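Colleague: Before I use these labels, I would like to hear the reasoning behind them. Please take me through it.

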Amino acid sequence: MQTETILYIIIAGIIALLLALFQYIKGSQKISKLNVLFSFLRFVTLFSVFLLLINPKFEQLTLTTEKPNLVIAIDNSSSIKHLKQDENTLNVVDRLSQNKELSTKFNISKYTFGEQLKPFDSLRFTEKQTNISDAFSQLSEVYSDANTASVLISDGNQTYGNDYEFITTKYKNPIYPIILGDTVTHTDLKIHQLNVNRYAYLKNRFPVEVIITYNGNSNANSRFVVTQGNATVYSQAVNFTKNNNSKTINFTLPANRVGVSGFKATVIPIENEKNIINNTKNFAVEVIDQKTKIAIVSDFPHPDLGALKKSIESNEQRSVAFLNSNEIINQINDFQLLIVNQPNNKFKKLFDVIHRENKNIFIIVGTKTDLNFVNRTSENFNQEITNQTEDYQAELNPNYAPFIIDDIDFESFPPLKSNFGAVEFSIPFETILNKKLGNVSTNQPLLVSFEANQRREAILFGENIWQWRAQSFINTKSFKAFDNFIGKLVQYLASNKRKNRLNVEYESFYNGNTNVIIKAQFFDKNYTFDTRETLNIIVKDENSDEEKTFPLILKNNNYQVDLSSLPPSTYSFTVNATNENISKSGTFQILEYNIEQQFLNANVVKLNQLAKNSGGTSYFIDDSNDLINNLLSNNRYASIQKSNKNIIPLVDWKYLLIIIALSLASEWFLRKYNGLI
């Protein structure tokens, strides 16, 4: 407390005392106990009032010691076990965790990573993918401003994601890699990359591209072979030298039958080759009879049209054509679905044909749409015309039933420009997305679907959906989530299959390094999603006839089961509803491929460069004690003492008011009691 404030308090006390004595003591011939009591009460009142005006405060100083952070990120992928570094990893983690000096100097936090970064629990080295870049991107959100040393325990072999060598542009703390593996160069032939389309068309030939690499000092002669079952469908001799150490082979294979066709690509191992797992790669192609053709009909250009085309054609089973309202008339039967962008009176003939031919349609209603025309044309809905627009964000309806929709973070997407006004439907409809204005849900549809007269229709009440595709890429670094959403909508609209109470979503084949997720939806007799049902899936291995039963777990608006633990093979399955006699069957294939087993050595070059870029130092596993000594002796990681100064009132104003009220009340009551009032 400042000296000036103390002086004010003393003066206030003296003045309060003098005023009290002046009122009750001065002039009295005899000082009674009652006058002394009145003087005291008046002194308390006046002094409290003065304290309230002065509001004296004092400073409270709190000292805290903040230790630097030591983040230990541990590679939990299966490549660690493949390189026989699992025991070394466990030992070095224990050595860092149990070092008392490190625990005294640092706040130690441990994480594991493979596909995703997770808090340390246990190390099993079973992750099928490695994404070092994503791990440090997430850590940068937690340790952006703190004094932090980061230890990366890894072989440096990343299977997907951005190049982690440049993560230091985002992660500003020094990184100290502990390199798992050796630097010995082994003679090795491997299939570095195999490129093939997921789909092919019946009675056509589909292209395959294979990149084969060689690591060695002497000449090597081998043969590249592609087999289907026991039959060889392609073969070519390959020769390598120390300098000519890669070859790209392009060839085509026939698509003779509808369904999934599996193949095995192999480069014959050479003598003394250490790793022959990476000499083989399985791949598959789903042969389909025809493409689904979609027409986008618009009389003016718009970025939404290109975004929709990109999303739809990301699935090779579909093709998109751009036509205007006149060109489509004579070609309408060539397409399974029409996407009509912002129709007006020029579309009258087209809508007459659509109603006559009973074609499925997806209408985009935007700011250039003639709402009078749309209201006259449609028998199913009517939109209020206000000649005003508004920007609406999207809110997912989790109870949407016709097909499974994943939440792709719609609420983070930019708002769509939409016509202001209520929409009324004359038939039952299903809302996919609702309009949201700021944080307020309007309960008005943004995207809906419905079925009428054996025809499926969807309406989007907004434009600029191209911004959603861009935002989805910003959120996930991929267009896949948004493209899948549009793909499911198009698949639903392009089909006229009747409703089923049990719907199952799965792929025809899965690569061995991806998660095998099967989703299902179950509806009651009124086609309302039923969360009370218990679904089980019976999976049969077609090669061994072994059967396994798994429960499907309710998650959001669907049931899911993860079958990633199944070994590569061909499987048939049946999803059963426990309480009702309803089931759905299918088949899928898991291809044999483990990308984590393709490596021979640690990626020493990249780990060294990562350490250099971040200002850290790399160490081999045998030199981990040097890392500990470096961390302990490095003055950069010193504890910081912080002082926190709080200004606290000497007496809370609420208590002063209570004291003033009590003292005045007591004085008045005593004076009244003694007949002085």
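**Reasons for the labels**

Modeller: E580 and R501 form a salt bridge, with 2.8 Å between the closest N and O atoms. The pair links distant parts of the chain, 79 residues apart: E580 is in the loop between β33 (569-577) and β34 (583-590), and R501 is in the loop between α11 (480-493) and β26. Keep in mind that the model is predicted.

Colleague: What makes the E580 and R501 pair a salt bridge?

Modeller: The cut-off is 4 Å between a side-chain nitrogen of Lys or Arg and a carboxyl oxygen of Asp or Glu. The closest N and O atoms of this pair are 2.8 Å apart, so the pair meets the definition.

Colleague: Why is R501 called buried, and why is E580 called partly exposed?

Modeller: Buried means under 20% relative accessible area, exposed means over 50%, and partly exposed is in between. R501 has 16% relative accessibility, so R501 counts as buried. E580 has 28%, so E580 is partly exposed.

Colleague: Which residues are joined into one network by salt bridges that share partners?

Modeller: D406, K488, E505 and K519. The search of the whole structure finds 18 salt bridges.

Colleague: What does the salt bridge between K417 and D391 tie together?

Modeller: K417 lies in strand β21 (residues 416-419) and D391 in strand β20 (residues 389-396), so the pair ties together parts that are 26 residues apart in sequence. The closest N and O atoms are 3.1 Å apart. K417 is partly exposed because its relative accessible area is 28%, and D391, at 34%, also counts as partly exposed.

Colleague: Is R455, which forms a salt bridge with E457, buried or exposed?

Modeller: R455 is buried, and so is E457. Their closest N and O atoms are 3.0 Å apart.

Colleague: How do you know that N503 is buried?

Modeller: The relative accessible area of N503 is 19%, and the limit for buried is under 20%, so N503 is buried. N503 is found in strand β26 (residues 502-505). Leaving out residues up to four places away in sequence, N503 touches P402, K519, A520, Q521, F523 and K584.

Colleague: What makes L19 eligible for a nonpolar surface patch?

Modeller: Patch residues need over 30% relative accessible area. L19 has 40%, which means that L19 is partly exposed. L19 makes the patch of about 450 Å² together with L7, Y8, I11 and I15. The place of L19 is in helix α1 (residues 3-24).

Technical notes: Residues numbered from 1 in each chain as written. Predicted model: local features only at pLDDT ≥ 70, side-chain atom pairs only at ≥ 80, totals over all residues. Heavy atoms only, no water. Helix = DSSP H or I, 4+ residues; strand = E, 2+ residues; numbered from the N terminus. Buried < 20%, exposed > 50% of the residue type's maximum accessible area, 1.4 Å probe, protein only. Contact = heavy atoms within 4.5 Å. Patch = residues over 30% accessible without salt bridge, like charges linked within 9 Å, V, L, I, M, F, W, Y side chains within 5 Å. Areas by Shrake-Rupley, 256 points an atom, 1.4 Å probe, with all protein chains shown as cover.
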